[in-house]
Amino acid sequence: MNEPRKLHKSYIFFPVLKTLQTLVPVFVLIAIREGEWRWMPFLILLGVCALFAGFGAVGWSTFHYRLEEDRLIIQKGLIFREEKIMYYPRIHSMNTEQPFVQRLLGVVQLKFEMPGGKKESDGVLPAVSAQEAAKIIREINAFLSSSGYSPVTAESGEGNGSTEKAIEPDAAPTETKGRPPHTAAAEETGMYAYRATAGTLILAAFSTLNIGLIAAFVAGVLSLADDVLPGNLYARLWNARNELHGGWLIYVLLGLGGLAAAWLLAGLLYLLKYAGFTVRAEAGTLTVSYGLLEKKKHTFQEARVQAVLIKEGLVRQLIGRAQIELRVVSSSKEEKIMLMPLVSAKRIPQLLSQLLPRFSLPDIESRPPARALLYYSRTDVAVVAVLAAAAVYFWGPTALWGLLLLLLDFLWSYSRFRSSGMTLQGSQLTVRGRMIARSTWLVRRPQILSLRMKGTRSQRRKHLLSLSVSVMGDTSSAACEVSFIEERDAQRVWSWFSRSVDHAHGKD
């Protein structure tokens with residue numbers, strides 16, 4: 001067990017593949033410049049690949065790791081020697097991932113996570129076989145189980161003290177219409193296994209507009225287009241707008257067409273990211289895996305979950321569906337793990353009791369009073385009114401359609417007002433709000449890092465306060481916020497959070 005081990009030999013080709021991924025498009029453009037094919041750039045590229053293969057061989061030969069009785073030691077580097085020591089009880093999750101390069105070479109990377117807020121994992125084995133990764137996980141869990149610690153993962157049902165054999169990923173039951181994914185067999189073994197069907201993923205992908213995925217993809221495409229397309233193409237397209245006939249109608253149609261294209265693109269990117277989505281749970285350990293081009297696998301204990309986020313977009317809310325996200329302690333404070341891409345809103349309480357028994361989904365009890373509606377709408381309405389008036393001033397009566405934005409803005413503000421609220425129940429605070437999608441946060445008191453109350457003089461005179469919560473695993477405290485609630489409700493939460501530690505632990 002204490003003998004040094006080496007990475008998979010495919011690690012030698014990592015620098016080569018990463019170099020090709022970056023330089024091939026550039027060398028192709030150089031080779032076909034001015035319509036003439038040139039071999040010299042590719043000969044140079046071949047030499048560069050040979051050089052990086054040498055670097056990879058040196059990196060592979062100097063990278064060692066070994067599992068001792070109570071620690072993992074990673075050593076690497078030729079000129080600057082680096083050594084990391086990680087004690088098993090301090091490892092809170094071990095994630096097996098398969099980025100694009102690892103997927104090409106048929107290996108996985110194993111990440112060891114510890115709380116600390118660093119952008120990268122505390123320890124990474126970038127190229128090991130799937131069997132070796134499972135073996136390492138079993139050896140670490142064997143120590144944790146024998147020492148009285150909870151195992152970090154439950155791979156193949158080993159290392160967790162269970163006498164039942166875990167369901168293999170390929171044998172995970174699929175969800176059928178009208179049937180919960182938690183099967184009778186799973187109930188007998190105390191295990192939960194779920195695999196998202198193609199229909200579920202398609203509905204999840206196209207029932208919302210994932211702006212983040214679109215922005216990342218478009219940024220990459222534009223960056224590449226700047227190198228490929230002629231320099232004056234954007235100027236010519238901008239000038240060509242004057243040749244369009246049909247007035248404002250053509251711009252509306254172009255806008256709708258662009259929105260439809262963005263929606264389709266976001267759906268396809270979503271399917272690529274979450275293809276093969278599976279969830280497994282056993283003995284308090286959750287394993288979430290997904291991905292087509294870049295396969296990811298997150299394994300963590302239920303006790304590591306800091307908060308639960310239930311998101312319901314406009315379309316999903318109409319069809320009674322929602323998605324469930326988790327905030328989990330990791331080396332990156334922004335760890336967001338999808339627990340369910342799409343699930344019936346009525347089934348969420350049952351799922352929480354099966355997967356996250358510490359959390360529950362109560363009804364919202366405390367809502368903003370009627371006098372708070374003005375604060376939800378006055379700023380937005382004022383801005384929209386100014387913009388609409390400016391449009392009428394510059395474009396005349398044809399811009400009167402812009403006044404409809406006032407109605408739409410008021411409806412949006414009223415929707416935010418109606419969706420907001422909170423519930424304080426036992427050791428859990430439930431906060432609900434809306435920007436576009438309706439978000440419901442479930443946060444337990446021991447996981448709250450900070451609590452903030454705020455209100456302007458005008459709001460305080462009307463006994464209205466806004467309440468925001470910050471939890472580890474999410475850097476945006478404003479996201480977990482309820483605005484303009486009764487002052488007595490906010491003070492009740494403040495008193496609940498600021499109790500003495502001993503008294504709070506007695507209640508938790």
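**Strands, helices and cores in a predicted model**

Student: In this predicted model, how many of the 6 residues of strand β7 are buried?

Tutor: Strand β7 covers residues 123-128, and a residue is called buried when its relative accessible area is under 20%. The strand is largely enclosed by the rest of the structure, because the number of its 6 residues that are buried is 5.

Student: Which residue in β7 does Leu110 stand opposite?

Tutor: Strand β6, residues 108-113, is joined to β7 by 4 bridges, and the two strands run antiparallel. Across from Leu110, the residue in β7 is Leu125.

Student: Which strands are the edge strands of the open sheet of 6 strands?

Tutor: The strand order in this open sheet is β14-β13-β12-β17-β16-β15, with antiparallel pairing, and the twist from one strand to the next averages 15°. An edge strand pairs on one side only, and the strands that do so here are β14 and β15.

Student: Which residue in β17 stands opposite Arg432?

Tutor: Strand β16 (residues 428-434) pairs with strand β17 (residues 438-444) in the antiparallel sense, over 7 bridges. Within β17, the residue that Arg432 faces is Thr440.

Student: What angle does the direction of helix α11 make with that of β14?

Tutor: Helix α11, residues 348-355, packs on the sheet and touches β12, β13, β14 and β17. Another helix, α15 (residues 487-497), lies across β15 and β16 and runs at about 40° to β15. For α11 and β14, the angle between the directions is about 140°.

Student: Is α12 roughly parallel or antiparallel to α13?

Tutor: The axes of helix α12 (residues 373-395) and helix α13 (residues 404-419) come within 9 Å and cross at roughly 155°. Angles over 145 degrees count as roughly antiparallel, so α12 is, relative to α13, roughly antiparallel.

Student: What is the handedness of the crossing in which α12 passes α13?

Tutor: At the contact between these helices, residues of α12 including Leu373, Tyr376 and Val384 meet residues of α13, among them Leu405, Trp412 and Phe417. The crossing in which α12 passes α13 is right-handed.

Student: Which strand gives the largest share of the largest nonpolar core?

Tutor: The largest nonpolar core has 35 residues, and Phe277, Val308, Leu326, Met340 and Leu356 have the most contacts inside it. Phe277 touches, among others, Tyr194, Leu201, Val288 and Met340. The largest share of this core, 6 residues, comes from residues 336-344, which form strand β14.

Student: How many residues are in the second, separate core?

Tutor: In soluble globular proteins, nonpolar side chains tend to be buried together. The second core, which is separate, includes Met86, Ala127, Ile140 and Phe143, and its residues number 29.

Notes: Residues are numbered from 1 along each chain as its sequence is written. This is a predicted model: local features need pLDDT of at least 70, side-chain atom pairs count only at pLDDT 80 or more; totals for chains, interfaces and linings use all residues. Side-chain values use heavy atoms; hydrogens and water are left out. A nonpolar core is a set of buried Ala, Val, Leu, Ile, Met, Phe, Trp, Tyr and Cys residues joined through side-chain atoms within 4.5 Å. Buried means under 20% relative accessible area, exposed over 50%, partly exposed in between (1.4 Å probe, protein chains only). Contact means heavy atoms within 4.5 Å. Two strands pair if DSSP finds at least two bridges between them. Axes are lines fitted to C-alpha atoms, for helices over the stretch in contact, and angles run from 0 to 180 degrees between N-to-C directions. Angles under 35 degrees count as roughly parallel, over 145 as roughly antiparallel, 65 to 115 as roughly perpendicular and the rest as oblique. A crossing is left-handed if the near helix is turned anticlockwise from the far one by less than a right angle, and right-handed if clockwise. Lists of a residue's contacts leave out its neighbours within four places in sequence.
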